[in-house]
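Q: Please take a close look at one part of this model: the enclosed space inside it. Then set that part in the context of the rest of the chain.

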Amino acid sequence: MPLHIPPALLHRRFRLLWAGLAISVAGSQMQLWALLWHIRTLTDQPIAIGGIGLARVVPIIVFSLVGGALADTFNRRQVLFVTQSVMALVALTLAWLTFQGRIELWHIYLLTAIQATAIAFDLPARQALVPNLIPAEILPNAFSMQSIAFEVGAIVGPALSGMVIAYLGQGYTYLINAISFGAVIIALALIGPVTQTVAGEKRPEVSLKAIKEGVRFILSQPIILSSMVLDFFATFFSSANTLLPFFAQDILKVGAVEYGWLSAAQAMGAMAAALVISQLQAIRRQGPIFLYSVVAFGLATIAFGLARNFWVAMAALALIGASDSVSMIIRNTIRQLQTPDHLRGRMTSINMIFFQGGPQLGELEAGVVAQLFSVPVAIVSGGIGCIVAVGWIARRWPQLRSYNGDEPIVAGEQ
């Protein structure tokens, strides 16, 4: 079957945002993996990884609900101009401190917290903006393309991070990331004004009432709620990537360049899966596929924790990425299609607490387990915990097991 241009890319405004994100994600992923490597050079204690998780999760918990209400109140495009600029400044500060030779762990934690605060406002606005750029019927395709953009960046960024660290120096990973944010800012400028829907005649406000409205909506939607809870537990237990610098240096005995390729392996598998899904006109039996993909995620995590060979570890990480990509595309499609436009920002912000809180708290848990036992034990036990969580959620919310994907869509309702 010949490849065709994905329908979402036929829409100019989405195409601009997609291209900008692909470039920016490459820079962000370069910084993420370089930051973890940087921490390993500053300390040999795995518990230090837990500090990063804490620095990321606290701002998400504190600000994400406000960020969601703001995305439903103010122009989402304008919000993104501000958040992208703040994240560029954080990267520049990391670069300056590193070039000056003055950077310490507390600098990394503080700047990570500032960036996480910006993300708490950025992600709800960015995710809620996508349905405003394309017709609802091609939204699954748009999310598969977003996944591809993310995975392309997540392959290029980590692979480059190892080479940039090895041949140019740590500081240049942060500098390049700061420059990459310009791609999204330029894309937003070229997109032009974007219309978004509000509820009723009155302009909504950023208020406790608006936040409660979003929470009540999520609690009334078992399919959305169950997908969020599963997302939390899966990422909480299976945080293999956060321990990768320790696994690479202490278990596999490899250097920065090999670490870069290990960091990119998940994205390679994820992009392969996203490319396959982008060629599908429709996905049915979405609930069962979602559950099976998370089980595969846990099994691949266990395989990675048991690996003692570089290529076996690469293969296991690629399987982790492929299964996570399938899961991410389906859960994003479910949530966006089953949420009215005037609630999408708040829905995404609540979801942030689950899908950002899971891995960040998981980093803290993984660091503690690795410190008390070992890095492999932390990874393998996490994979087992992920599989157990799937069984519990499938039993607790049977609606998810039978969800097909062609149920009534409420996205256009007011």
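A: Four cavities of 30 Å³ or more are present in this predicted model. Rolling a probe the size of a water molecule over the atoms shows where empty space is left. Take the second largest cavity. Its volume is about 70 Å³.

Which residues line the second largest cavity? The lining consists of L230, D231, A234, T235, F290, S293, V294, F297, S323, D324, S327 and R331. Three helices each give at least two residues to this lining: α8 (222-237), α11 (286-306) and α12 (310-337). By class, the lining of this cavity is mixed. Five of its residues are nonpolar, four are polar and three are charged.

Next, the nonpolar packing. The largest nonpolar core counts 98 residues. F14, L17, L133, I134, I218, L262 and F304 have the most contacts inside it. Helix α12 provides the largest share of this core, 10 residues. Helix α12 also supplies at least two residues of the cavity lining. In soluble globular proteins, nonpolar side chains tend to be buried together.

Polar side chains can be buried here as well. Q84 sits in helix α3. Its relative accessible area is 3%, under the 20% limit, so Q84 is buried. The side chain of Q84 makes a polar contact of 2.9 Å with the side chain of D122. Q170 belongs to helix α6 (residues 170-191). Q170 counts as buried because its relative accessibility is 13%, again under 20%. Its side chain is in polar contact with the side chain of Y174, at 3.2 Å.

Now two pairs that are separated in sequence. G20 is placed in helix α1 (residues 12-42). With a relative accessible area of 4%, G20 is buried. G20 and V184 lie 164 residues apart in sequence, yet their C-alpha atoms are 4.4 Å apart. The other pair is V66 and I350. V66 is part of helix α2 (residues 47-73). V66 has 30% relative accessibility, so it counts as partly exposed. Along the chain, 284 residues separate V66 from I350; in space, the C-alpha to C-alpha distance is 9.7 Å.

Residue I350 calls for a look at confidence. Helix α13 (residues 344-355) has the lowest confidence in the protein chain, with a mean pLDDT of 70. Helix α3 (residues 76-99) has the highest, at 92. The chain as a whole averages a pLDDT of 80, and 87% of the residues score at least 70. Where pLDDT is low, the predicted coordinates should not be read in detail.

One more stretch deserves attention: helix α9 and what follows. In helix α9 (residues 244-251), L244, P245, F246, F247 and A248 are buried. Is K253, just beyond, buried or exposed? K253 has a relative accessible area of 63%, over the 50% limit, so it is exposed. K253 comes just after α9, in the loop between α9 and α10 (256-278). The backbone of K253 is also worth checking. Its phi is near 60°, a positive value in a residue other than glycine.

Back to the cavity itself. The points to carry forward are its volume of about 70 Å³, its supply of lining residues from α8, α11 and α12, and its lining of five nonpolar, four polar and three charged residues.

How values were computed
Residues are numbered from 1 along each chain as its sequence is written. Side-chain values use heavy atoms; hydrogens and water are left out. On a 1 Å grid over the protein atoms alone, a cavity is a set of points where a 1.4 Å probe fits but cannot get out, and a pocket is an open set with protein on both sides within 12 Å along at least five of seven lines; lining residues have an atom within 4 Å of a point. Grid points are joined across faces, edges and corners, and a volume is the space filled by probe spheres set on the points. Helices (H or I, at least four residues) and strands (E, at least two) are DSSP runs, numbered from the N terminus. Ala, Val, Leu, Ile, Met, Phe, Trp, Tyr, Cys and Pro count as nonpolar, Asp, Glu, Lys and Arg as charged, and the others, Gly among them, as polar. pLDDT is the predictor's confidence in each residue, from 0 to 100. A nonpolar core is a set of buried Ala, Val, Leu, Ile, Met, Phe, Trp, Tyr and Cys residues joined through side-chain atoms within 4.5 Å. Buried means under 20% relative accessible area, exposed over 50%, partly exposed in between (1.4 Å probe, protein chains only). A polar contact is a pair of N or O atoms within 3.5 Å; within protein, one must be able to donate a hydrogen and the other to accept it, and residues adjacent in sequence count only if both atoms are side-chain atoms.
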